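Subject: Structure handover

Hello,

Here is the structure I promised to pass on to you. Please open it alongside this message, and then read on for what turned up in it.

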Amino acid sequence: MERFYVSTPIYYVNAEPHIGHAYTTIVADVMNRFHKLMGDETFFLTGTDEHGDKIVQAAQEAGTDPKSYTDRISGLFRDTWPRLNISHDHFIRTTDPEHIRVVQYFLQKVHDSGDIYFSTYKGLYCVGCERFYTEKELVDGKCPDHDKEPVEREEANYFFRMSKYQDWLIQHIESHPDFIRPERYRNEVLAFLREPLEDLCISRPKERLSWGIPLPFDEKYVTYVWFDALINYVSALQYPDGERFREFWPVVQHTIAKDILKPHGIYWPTMIRAAGFAPYRHLNVHGYWKTSEGKMSKSRGTVVRPLDLVPIYGLDAFRYFLLREMVFGLDSNFSEDALVQRLNADLANDLGNLYSRTLAMTAKYFDGKVPPFGAPLDEVDKDLIRHVEEATAHYVEEIPRLGFHKALMKIWECLSAANKYVDHVGPWNLAKDPGQHGRLQTVLRILLELNKTAAVLISPFMPETAEKMLDRLGIPKKALDLRLEDDAAWGTLKEGSPVQKGESLFPRVELRVQQVEQVELKGRKEEKPAGKPAVQQARDASQQPAADKRVEKSQEKPEEKLENISFDAFKQVDLRVGLVKQAEKIPKSKKLLRLTVDIGEERQVVAGIAEYYTPEEMVGKQVVLVANLQPAKLMGVESHGMVLAVRDGDALCLLAPEKPVTPGRRVS
Ligand code: MSP
């Protein structure tokens, strides 16, 4: 068993949590959960940074005092994380008495060793950044972050002899290639260290700023906010004597975005060196989430708040999207359109579809019980199992080196291979032949095992989904209690144990709206589909994701030209030829017929065609069915597919193959 300690930045309490904060915290959460899955002993720290000018200003603007203000905003962060399923062990506040004690101990220690001295400094100071700027750092005479001219300020202050540790730091970074990673940020720090390092001003006179930690050796001063904040990473471990410090400090990984590279890549390691303990193991630096308008900015109203999105798309879809979309280290654009696409393609289609068809077939062919491996493995089976083993091995390698998107890609390649395997093997055909019973058992068992392994592998990213999947497979475990070695092991499902079908894991967002459209071509609404409210119900019109706006537009003008889609996107639609076995009117509905359609397996489908076709004429007809559409309820009747039709003026014409074909054949 190894140990693992991950931290997020402690966030300033001058703004509410937004998607940038959520991303770093979810990344740290994924790492923490992954290490737990590997059986490691872990510690995960987050919290809030509460001292300094910025906070005093924000409190003034909010018409309150710093203490009440920080209590309130810190509370917002603290309440947000459980709602994003963050598994942190400790939430630190820099106003905690224990933190204050450790900061003062640290300062005294460095002061005693001679690395803090008193001096006068005159320079250009940016209030927003809470630091002095050199002329060279300014852009057109303004602070590059705040676009404001700094003010000239002269102050007698305490300084930390940072310059003394410059050579040591260069040497340490050069001899530890993954100290700061990815490499681009390591290079950035090294480039910065090519210039002589200045000493760091670490105090503020109390008369100017009282909201800070008093220096233990001069009560007229408080500590510079960065010197105070960085120490949180050890004060939370009861530095210097705590057991936690001994156990977890040697394995610490800080996770931040590129905006705070300098304090973490330069101030902090030199501070640590001066205090006389070993530096952190890794500094993991990621890029920025931007919106189409550029950097997220509160004043421009382009901040994306995680808690606005979660109720609409679901927590796990949100977590998955962030981790799958961003290449760790690079910037990414956030758009709801992209989120909707990933939700539909990766979650509803690949994962959700594989899972529900596996469980539906187990219910149908084996009475919902896990079958044995009834026949020896074929080559296709072995290929698929090898695929799972390779994906698991890649996953275990990629996550510790921050390749989150790659780990997910590997899992999704497996899911897609498994969906192809189902299409290729055609369990519904095996089911027709009693001589193939053993083969059918093996096929379904492989699929069940694969779903189980996939659930375990996704558990750090999507803990709720993993729990739901495993629960229905008869493994009612909490995500944090899973262990890769035991729970993902191949072949361990219990033969004969029950599995349950259930509601789909990820309702499609876009297509569900289209399904309403099919029933409501014109006129009265019959019934909204079951499940979560459609996106447009949850948001006001101006905020709707573009994908849904598109669908709505096509409701108003059905002939309007739609955007081009890729062939791959088209392939995601599972079109099948079906034979209508039974048809009947749905009581109290003018428009709806309930059809039983054979597509290799029987499907109940509700179609809005009653005004054009009688039940009698429908029986025996071949139709084309969208077979992987999210199930919906219409007038209380479940529909598992959509029959395709063409509207021509007042007429409606069903689509069918030009001559009869075997039911279940795929339309391409
Ligand atoms: N209080 C300091 C950190 C002290 S740590 C000892 C601070 N706080 S902050 O509230 O401004 O948080 C900055 C961090 O928030 C970034 O490093 C990153 O983790 C996260 N993000 C804020 N905006 C972001 C994006 N737009 N994109 C990605 N992450 C960003 O700095």
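Let me start with a pair of strands: E12 and strand E13 (residues 282-286) run parallel and are joined by 5 bridges. One of the pairings across them puts His254 opposite its bridge partner in E13, Leu283. To get from E12 to E13, the chain passes through helix H10 (residues 261-275), and this β-α-β crossover is right-handed. Right-handed here means that, with the strands pointing away from the viewer, the path from the first strand over the helix to the second runs clockwise. The helix and strand names are DSSP runs numbered from the N terminus, with at least four residues for a helix (H or I) and at least two for a strand (E). Two strands are said to pair if DSSP finds at least two bridges between them.

Before going further, a word on the model: it is a predicted one, in which local features need pLDDT of at least 70 and side-chain atom pairs count only at pLDDT 80 or more, while totals for chains, interfaces and linings use all residues. Residues are numbered from 1 along each chain as its sequence is written, and side-chain values use heavy atoms, with hydrogens and water left out.

The sheet around E12

E12 belongs to an open sheet of 6 strands, in the order E3-E2-E1-E12-E13-E7, with parallel pairing. At its edges stand strand E3 (90-93) and strand E7 (180-181); each has a single partner strand, so one side of each is left without a neighbour in the sheet. As general background, strands of a sheet pair through backbone hydrogen bonds, either parallel or antiparallel.

Strand E1 (residues 3-12) is joined to E12 by 3 bridges, again in parallel, and Val6 has Gln253 of E12 as its bridge partner. E1 also pairs with strand E2 (residues 41-49), in the parallel sense over 8 bridges; there, Tyr12 is partnered by Asp49.

How enclosed is strand E12 (residues 252-257) by the rest of the structure? Of its 6 residues, 6 are buried, so E12 is largely enclosed. Buried means under 20% relative accessible area, exposed over 50%, and partly exposed in between (1.4 Å probe, protein chains only). Both faces of E12 are covered, with Val252, His254 and Ile256 buried on one side and Gln253, Thr255 and Ala257 buried on the other.

A second sheet

There is also an open sheet of 3 strands in the order E9-E11-E10, and its pairing is antiparallel. Strand E9 (203-205) and strand E10 (214-215) are at the edges with a single partner strand each, so one side of each has no neighbour in the sheet. E9 is joined to strand E11 (residues 218-223) by 3 bridges, and Val222 in E11 is the bridge partner of Arg204.

The ligand

Which residues are closest to the ligand? They are Ile10, Thr24, Asp49, Asp259 and Trp289, out of 22 that surround the ligand (a residue counts as near if one of its heavy atoms lies within 4 Å). E1 gives the largest share of this shell, 4 residues. E1, helix H1 (19-37), helix H7 (225-230) and helix H8 (232-235) each supply at least two residues of the shell.

Some polar contacts (pairs of N or O atoms within 3.5 Å) are worth a look. A polar side-chain atom of Asp259 is 2.8 Å from a ligand oxygen atom. A polar backbone atom of Trp289 lies 2.9 Å from a nitrogen atom of the ligand, and a polar backbone atom of Gly20 is 3.4 Å from a ligand nitrogen atom. The ligand has 660 Å² of accessible area on its own, and the protein covers 94% of that (Shrake-Rupley method, 1.4 Å probe).

Two residues to click on

Met326 sits in the loop between helix H12 (315-325) and strand E16 (332-333), and is buried at 1% relative accessibility. Leaving out residues up to four places away in sequence, Met326 touches several others, including Tyr23, Trp289 and His405; contact means heavy atoms within 4.5 Å.

His99 is in helix H4 (residues 97-112) and is likewise buried, at 1% relative accessibility. Among the residues His99 touches, with the same sequence neighbours left out, are Ile92, Asp228 and Ser235.

The whole chain

The protein chain has 24 helices and 25 strands, and 55% of its 668 residues count as buried.

Happy exploring!

Note on methods:
Polar contact = N/O pair within 3.5 Å; in protein donor to acceptor, adjacent residues only side chain to side chain.
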